[in-house]
Structures are given as C-alpha cells and as structure tokens.
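Subject: Structure for you to look through

Dear colleague,

Please find the structure below, together with its sequence, and keep both open while you read the notes that follow.

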Amino acid sequence: MLKLSKTSKLDNIKSWSLQALTTCPGSIAKDGGLVDACKGCYATQGFYNFSQPKAVRADNKQDWQRDEWVTDMVAALKKESYFRWFDSGDMYSLSLARKMFEVMERTPNVQHWLPTRMGKFPKFGEILARMESLPNVKVRFSSDSVTGEYTPGVNGSTIVPTAEDAPAEAFVCRAYENDGKCNGCRACYSKDVPLIAYVAHGRKMGKVINIAKAA
C-alpha cells in the first residue's frame with residue numbers, strides 16, 4: 001500500500017521515504033565508516049526513531065516492488081505541484097530508480113527534487129542523467145562534507161557550519177532562520193540554482209563538525 005509523508009519544513013509538500021542509512025549505500029566512506037554528512041543524520045534521531053515512521057519506511061521498501069506502484073504514485077501526485085523524494089533514505093536500487101524515472105516522466109505537472117548520493121556509483125549514471133534531463137526534475141548530488149567542501153559540476157548541495165562558511169557561489173538555505181521551515185522557498189527544486197548550502201543544526205552534527213575541523 002502506497003504511503004506518502006508530508007514534510008512540515010517544506011510547507012507540507014509530500015514525500016516518499018525509506019529508512020535512513022540502511023538504504024543509503026553512498027553514506028559509507030572508503031574506511032567503512034560513515035561519511036561526515038551522514039554521521040549527524042537528522043533521520044536517525046527524534047521522530048524518525050518512533051515505531052510508526054519506521055514502519056512506514058519499512059513498508060515502502062517492499063511496496064515499490066509491486067507492479068502497480070508506478071501507476072499508484074502517478075495517481076497520488078495528480079494534484080501536486082511539488083514533490084520531494086527521500087525525506088530519509090536513498091535510491092539504493094537500480095530497479096527503484098527506473099520506476100522513479102517513470103513516475104517523474106508521467107507527472108510533468110509536478111516539480112520533483114531528488115537529493116541523493118547514488119551518483120557515486122557508475123551504474124546509476126545513465127538513469128540519473130535521464131532524470132536530470134526532464135524539465136520538471138532537479139537531481140542534487142549531496143556533498144559528503146560538513147564544512148562546505150564540494151566538487152564543482154558534481155555536487156548540488158553541501159553542509160556548512162554557519163551561513164558565513166558557505167561558498168560564495170552557493171545559495172544559502174535560510175530555513176535555520178525560520179524555525180527550520182522553507183516558508184515558500186523552492187530553490188532546491190530549481191535548475192537555475194546549481195549549489196545550495198544547508199546550515200548545520202543539532203548537537204550531534206555540531207560534534208561532527210568540530211571533529212571534521214580538527215582533522
């Protein structure tokens with residue numbers, strides 16, 4: 001059964017999500033640990049640890065494999081203007097990616113935002129390029145850094161300790177000034193915004209940043 005979430009930060013825009021980390025191959029660093037950006041992942045804390053959100057994400061991992069999933073997703077998005085993929089989790093399966101592309105292609109009325117780390121894996125290159133080629137889709141490859149580093153032409157987002165630490169060319173997400181809410185901003189969906197800097201928040205991420213700075 002199809003289960004969509006509503007993200008309050010995004011003015012209740014709908015999202016489809018999976019469990020964090022266990023569906024995030026790109027979160028693993030070369031040393032086998034987590035990349036810095038994932039060490040303080042918000043989707044492993046608070047609300048995300050409750051039984052209901054966990055159950056929804058576990059169900060979604062099975063549900064997308066249904067033959068009817070694409071058709072059901074298209075119907076669910078019929079009246080939507082914006083949609084976010086993965087409030088938590090990532091596009092861990094190539095078969096899932098292909099189905100997501102079909103949903104995107106069949107919902108030209110919807111602006112899709114896909115944050116992902118799957119661009120690290122060559123086998124996902126073709127399908128991600130096809131997604132990005134659609135006029136209604138913005139794929140953002142997340143940087144692994146928590147101090148603002150990113151690869152020009154590759155990463156579409158990075159985490160920064162403060163707004164002042166953001167790269168000069170980056171659009172700084174101002175949600176940190178608005179109680180974590182977007183307040184109508186849709187920069188994440190825009191192809192005209194190549195790089196977004198998200199200001200870190202939370203004690204756990206603060207500790208990660210301090211360690212990264214000291215390294």
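**What was found**

Aspartate 179 sits in the loop between β7 (171-172) and β8. Please bear in mind from the start that this is a predicted model. With a relative accessible area of 71%, aspartate 179 is exposed, and its phi is positive, at about 60°, although the residue is not a glycine. The loop between β7 and β8 also holds asparagine 183, a residue other than glycine whose phi is likewise positive, near 50°. These two values deserve a second look because most residues other than glycine have a negative phi.

**The cysteines**

How many disulfides does the structure hold? The number is 0, and two of the cysteines let you follow the reasoning for yourself. The sulfur of cysteine 185 has its closest cysteine sulfur in cysteine 182, at 6.4 Å, which is too far for a bond, since a disulfide would require the two sulfur atoms to be within 2.5 Å. For cysteine 188 the closest cysteine sulfur belongs to cysteine 173, and the separation of 6.0 Å is again too far for a bond. As for their surroundings, cysteine 185 is partly exposed, because its relative accessibility is 35%, whereas cysteine 188 counts as buried, because its value is 13%.

**Tyrosine 198 and serine 5**

Both cysteine 173 and cysteine 188 appear again among the contacts of tyrosine 198, which also touches Trp113, Ser157, Thr158, Ile159 and Val160, when residues up to four places away in sequence are not counted. Tyrosine 198 belongs to strand β8 (residues 196-199). If you pick out its C-alpha atom and that of proline 53, you will find the two separated by 24 Å, with their positions 145 residues apart along the chain.

Serine 5 lies in strand β1 (residues 5-7) and is counted as buried, because its relative accessibility is 19%, a value under the 20% limit. Leaving out residues up to four places away in sequence, serine 5 touches Ile13, Lys14, Ser15 and Arg57.

**Salt bridges**

Arg57, named just above as a contact of serine 5, also takes part in a salt bridge, with aspartate 87, where the closest N and O atoms are 3.5 Å apart. This pair links distant parts of the chain, since aspartate 87 is in the loop between β3 (82-85) and α4 (94-106), while arginine 57 is in helix α2 (residues 51-63), 30 residues apart. Are aspartate 87 and arginine 57 buried or exposed? Both of them are buried.

A search of the whole structure finds 13 salt bridges, and two further examples are worth examining. Aspartate 144 pairs with lysine 120, with 2.8 Å between the closest N and O atoms. Aspartate 144 is in the loop between β5 (137-142) and β6 (155-160), and lysine 120 is in the loop between β4 (111-116) and α5 (125-133), so this salt bridge ties together parts that are 24 residues apart in sequence. Aspartate 144 is partly exposed, with a relative accessible area of 25%, and lysine 120 is partly exposed too, with 38%.

The other example joins arginine 66 to glutamate 68, with the closest N and O atoms 3.6 Å apart. Arginine 66 is partly exposed at 23% relative accessible area, and glutamate 68 is partly exposed at 45%. These two residues belong to a network of salt bridges that links Asp63, Arg66, Glu68 and Asp72.

**Helices α3 and α4**

Two packed helices are described by the angle between their axes and the distance between the axes. For helix α3 (residues 69-76) and α4, the axes come within 9 Å and cross at roughly 35°, and the crossing is right-handed. Which residues meet where α3 and α4 come together? From α3 they are Trp69, Val70, Thr71, Met73 and Val74, and from α4 they are Leu96, Lys99, Met100, Glu102, Val103 and Arg106. Sorted by class, this contact has 7 nonpolar, 1 polar and 3 charged residues.

With best wishes

Technical notes: Residues are numbered from 1 along each chain as its sequence is written. This is a predicted model: local features need pLDDT of at least 70, side-chain atom pairs count only at pLDDT 80 or more; totals for chains, interfaces and linings use all residues. Side-chain values use heavy atoms; hydrogens and water are left out. Buried means under 20% relative accessible area, exposed over 50%, partly exposed in between (1.4 Å probe, protein chains only). A salt bridge is a side-chain nitrogen of Lys or Arg within 4 Å of a carboxyl oxygen of Asp or Glu. Helices (H or I, at least four residues) and strands (E, at least two) are DSSP runs, numbered from the N terminus. Axes are lines fitted to C-alpha atoms, for helices over the stretch in contact, and angles run from 0 to 180 degrees between N-to-C directions. A crossing is left-handed if the near helix is turned anticlockwise from the far one by less than a right angle, and right-handed if clockwise. Contact means heavy atoms within 4.5 Å. Ala, Val, Leu, Ile, Met, Phe, Trp, Tyr, Cys and Pro count as nonpolar, Asp, Glu, Lys and Arg as charged, and the others, Gly among them, as polar.
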